[in-house]
Every structure is written in C-alpha cells, then in structure tokens.
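User: Hi! I am learning to read protein structures. Could you help me see where the labels come from?

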Amino acid sequence: MTHSFDKKYWDEIWQGDRATAMAAGAPNPHLLHEVAGLAAGTALDAGCGGGTEAVWLATQGWQVTGADIAAEALARAADKAAQAGVADQMRWVEADLSTWEPEARYDLVTTHYAHPAIPQLDFYRRIADWVAPAGTLFIVGHLHHDHNGTTASGGADHGHHDGENQPPESASVCAADITAQLDPTEWEISTARETHRSVTGPDGRDVQLHDVVVAAVRRS
C-alpha cells in the first residue's frame, strides 16, 4: 500500500476513530533512556502528534516546540500539556515538515515515527539541520525489514500501518541508512541500534515492535 503522508492524510487520521488511542500511552521508552541524562534546554519534537513525548520533555525542564501538520493532533497535545501543568513551557506549530523551516536551532531535535510527504531519509537530513552546535539529534523510526512475514511496527499507533500492523516500506529505514546521512566531521554518533520488543496493544494482544534508534551530537 502506498501513502502520501500529506496534510489530508494526517488530518483524516487525527479526526478518525483511532485518534484517542494514538494520543494516549506512555512516552517512547527509547527517548526516556537516551535523553534523561541530558541537560535541559530548547527542544523540537518534529511530528509531535498528540504530544506525549513533547510533554514529557517539558516535565523534565525543557522548553519545547511541538510541530505537526495536523491541527487536531496539536489541539490534543495542547490539552495534554495543560493537564500536565507545563503549558507555559510549550509552543505548538502547525507545519508541513517537508517545507517548514524553524526560526532557531535547538539543543535537542527529536522525532518518533513521523513521516511527512518527502522520502524518509530526506526528512531526517532536514531535521538534522535544525540542531544547534553541541546539540543532540534523536531519531526513533520503523526498522526496515525483509517482508518475510515478520511484523515491523513503531511503539505507538501513528495511523499509517498497512495490514497486520506493518508500516509501509517507504516509512522504514535501517540504522546505517540514517548514520550515512550524518557527516562524521560534523556529527558524533552516540547511538545507532536496531531493537525488538514486545508490548500489549490497545486490543490486549502482544505486538512485536521493531525500531531503529539513532542519537548523534553535532560537533561545536
């Protein structure tokens, strides 16, 4: 199945039946593991969806910009921030991340299974440009697989999976694909791994998740 991942697609997803489940759930465990030790500064969650990770960052002291193409997703994210008592640390931007350019660079730029209407690696190159010197780029994506029947999925239901909880091939990458986009003279790779874990899905069934996780620090 082919997806365009354009505004119409995401608006329909976030206005659909699964929106409440998509906005619920815990922050991505990879983010908690990798970012918990960083000194808080400015952060951008690119493709923030319902704001789970962005709000968690704010609770850790970050000043956070959450950017997403879907207005309904941002409305849910703003409600979540207000409930968590961190609304004054948040800024929400409705933007097409395939064309949008931020006004500033950030100490942390992160994304979790986000897919704009450009090739996946082009998206990762774009957001890497938004990292300030000495800042961190943190990516969690769908791990590319060989379509041999193994389910590959992200840690949250972002509404773009094909049948059997399988993300489109165009939304999947390998760790080496991502790190190859980062010039070693400009970046120090701190994490590049491919992980597999099991979680309980919204319907109570066990779901196997296959993620790619990359963290890199821009050299000063």
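User: Why is the meeting of the Arg218 and Glu186 side chains called a salt bridge?

Analyst: A salt bridge needs a side-chain nitrogen of Lys or Arg within 4 Å of a carboxyl oxygen of Asp or Glu. Arg218 and Glu186 meet at 3.6 Å, N to O, so the pair fits the rule. This pair links distant parts of the chain, 32 residues apart: Arg218 is in strand β8 and Glu186 in the loop between α7 and β7. Helices (H or I, at least four residues) and strands (E, at least two) are DSSP runs, numbered from the N terminus.

This is a predicted model, where local features need pLDDT of at least 70, side-chain atom pairs count only at pLDDT 80 or more, and totals for chains, interfaces and linings use all residues. Residues are numbered from 1 along each chain as its sequence is written, and side-chain values use heavy atoms, leaving out hydrogens and water.

User: What makes Arg218 buried, and what is Glu186 counted as?

Analyst: Buried means under 20% relative accessible area, exposed over 50%, and partly exposed in between (1.4 Å probe, protein chains only). Arg218 has 15%, so the label is buried. Glu186, at 37%, therefore counts as partly exposed.

User: How do you know that Asp122 and Arg125 form a salt bridge?

Analyst: Their N to O distance is 2.0 Å, so the rule is met here too. Both lie in helix α6, three residues apart, about one turn of the helix. Asp122 is partly exposed at 29%, and Arg125 is partly exposed at 35%.

User: How many salt bridges does this rule give?

Analyst: The count comes to six.
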